[in-house]
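Student: I would like to learn how to read individual features in a structure rather than just look at the picture. Could we go through them one at a time?

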Amino acid sequence: MDRASVYTARSSFPGKVSWGGQQMAGSPPKPESINLAAWSPFVFKSIAVAGATGAVGALILRLLEERAFPLERLKLLASSRSVGRKLSCAGKQYEVELLRPEAFDDVDLVIGSTPDEVAAEFAPWAVERGCVVVDESGYWRMDPKVPLVVPEVNPEAAETHHGIIASPNCSTTQMVVALKPLHDTARLRRVVVSTYQATSGAGVGGTRDLEQGSRKHLDGEDHPYEAFAHPIAFNVIPQIGSPKHKGYTSEEMKMVDETHKILGDNSFGICATCVRVPVANCHSETIVVETERKLAVEEARALFEAMPGIAVVDDLEAKHYPMPINSNDRDEVFIGRIREDLSSPNGLAFWCVSDNLRKGAATNAVQIAELLVRSRAAAM
């Protein structure tokens, strides 16, 4: 399956458009919804969203509506404390049901955003009942029998599933979209990445800590942080996840292992440093790559611009570059500050920003579901 046929939002747009209050050439408007009804209505007649009441679950519901995802029946599943809540999608109200084995009896497709331990339990329940599961948790990602998919990068992997398809970690997703065209063209030798990760990546508690902690700090008062071991207001925390391997954290090793799996190549080295910053939403990354053959800046920019899902915003003199404040509620991976690495003859450095709740989570999961619709429709 060709990547360009899978993802319709292109990365460069002619003319000047307003983006976050700035006028800049080549900045994209928000991608239009993909009308999957043109492929085949109701390929999956019944869809369930597991973890529907969480931040990502709520965004999945919004995206199903925004992207006109074809479905006949929708079921919302969550833990016992959320049962009975009413949520809206596409103008209809749905009552949240208990996430239990019997909930999947009449379901064809599940999109799940739950804690790892919940995904470990519910996904087999669903598969046993004939469902296909698109899972946002970390539990299944490195299982050799489960494909790990970013639709712009490795859509063909989705066809190898045995009932479960995993979606990567948010920080990995935006990086592999950026690395794919470089690796295909010049072969990666080494990647050094530092992340600046928003508090929304730590859930609702992380956002609450940023907002309330900032207010308390300005008032000279202490805030009892719930999501972070240290104050996040006016601070950065150079640890995301637990200690894992040779001084690296679990978040850093996710970026290493998941990138190798998605690109199908573990021959190049990756050094990741993951840092939590006092930004509400959108993860940013500085990425430095070494390639087997030299990529000139102009060639790299052209590769980024041709890659589905990437938007290039790169005009240093005009002070135009991606920032979290401009990338919020967008599905693209934004690239800027493209330049040679002066310390390496085959090095390239760039800056990468993406909405970690959309492309880093909900959007990628819904795009995987769209891949399945297209694939099944084409086989009919």
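Tutor: Let us begin with burial: Asp143 counts as buried because its relative accessible area is 17%, which lies under the 20% limit for that class. Please keep in mind throughout that this is a predicted model.

Student: What does Lys145 form with Asp143, and how far apart are the closest N and O atoms?

Tutor: The general idea is that side chains of opposite charge can pair when their charged atoms come close. Here Lys145 and Asp143 form a salt bridge in which the closest N and O atoms are 3.5 Å apart, and Lys145 is exposed, at a relative accessible area of 56%, whereas Asp143 is buried.

Student: How many salt bridges does the structure hold, and which parts of the chain does the pair of Arg358 and Glu66 link?

Tutor: The structure holds 25 salt bridges, and one of them joins the side chains of Arg358 and Glu66, with an N to O distance of 3.2 Å. That pair links distant parts of the chain, since Arg358 belongs to helix α9 and Glu66 to helix α2 (residues 55-66), 292 residues apart. Arg358 is buried, with a relative accessible area of 1%, while Glu66 is partly exposed, at 29%.

Student: Is Glu332, which meets Arg330 in a salt bridge, buried or exposed?

Tutor: Glu332 is buried, at a relative accessible area of 2%, and its partner Arg330 is buried too, at 10%; their side chains meet at 3.2 Å, N to O. Elsewhere, salt bridges that share partners join Arg62, Glu66, Arg67, Asp329, Asp331, Arg358 and Glu370 into one network.

Student: Arg358 takes us to helix α9 (residues 358-379). How does one check its span against the number of residues?

Tutor: One multiplies 1.5 Å by one less than the number of residues. For the 22 residues of α9 the expected span is therefore 32 Å, and the end C-alpha atoms are 29 Å apart, which agrees. A check of this kind is best read together with the bend, and α9 does bend, by about 40 degrees at Asn364. The helix is also mostly covered, with 19 of its 22 residues buried.

Student: What do the two span values of helix α6 (residues 250-263) come to, and which of its residues are buried?

Tutor: For its 14 residues the expected span is 20 Å and the end C-alpha atoms are 20 Å apart, so the two agree. In thinking about which side of a helix is covered, recall that an α-helix has 3.6 residues a turn, so residues three or four places apart point the same way. In α6, however, 11 of the 14 residues are buried, among them Met253, Met255, Val256, His260, Ile262 and Leu263, together with charged-type names such as Glu251, Glu252 and Glu258. What covers the buried residues includes α4 and the strands β11 (188-197), β12 (243-245), β13 (248-249), β14 (269-276) and β15 (283-291). Just after the helix, Gly264 takes a positive phi of about 65 degrees.

Student: Which residues other than glycine have a positive phi, and where do they lie?

Tutor: Two cases are worth inspecting. Ala90 has a phi near 55 degrees and sits in the loop between β5 (86-89) and β6 (92-95). Lys319 has a phi of about 60 degrees, lies in the loop between β16 (310-312) and α8 (324-327), and counts as exposed because its relative accessibility is 56%.

Student: With which residues is Pro181 in contact, apart from its neighbours in sequence?

Tutor: Leaving aside neighbours within four places in sequence, Pro181 is in contact with Leu303, Phe304 and Met307. Pro181 lies in helix α4 (residues 170-186) and is buried, at 6% relative accessibility. Its C-alpha atom is 8.5 Å from that of Ala300, 119 residues apart along the chain.

Student: How many disulfides are there?

Tutor: The count comes to zero. Two cysteines can still be described by burial: Cys89 is buried at 5%, and Cys282 is buried at 1%.

Student: What does the whole chain come to in helices and strands?

Tutor: The protein chain has nine helices and 18 strands, and buried residues make up 54% of its 380 residues. Of the contacts with a separation of 6 or more, 69% are between residues 24 or more positions apart. The chain exposes about 16,300 Å², of which carbon and sulfur atoms supply 51%.

Technical notes
Residues are numbered from 1 along each chain as its sequence is written. This is a predicted model: local features need pLDDT of at least 70, side-chain atom pairs count only at pLDDT 80 or more; totals for chains, interfaces and linings use all residues. Side-chain values use heavy atoms; hydrogens and water are left out. Helices (H or I, at least four residues) and strands (E, at least two) are DSSP runs, numbered from the N terminus. Buried means under 20% relative accessible area, exposed over 50%, partly exposed in between (1.4 Å probe, protein chains only). Contact means heavy atoms within 4.5 Å. A disulfide is a pair of cysteine sulfur atoms within 2.5 Å. Accessible areas come from the Shrake-Rupley method with a 1.4 Å probe; for residues, only the protein chains shown count as cover. The bend at a residue is the angle between axes fitted to the seven residues ending there and the seven starting there. A salt bridge is a side-chain nitrogen of Lys or Arg within 4 Å of a carboxyl oxygen of Asp or Glu.
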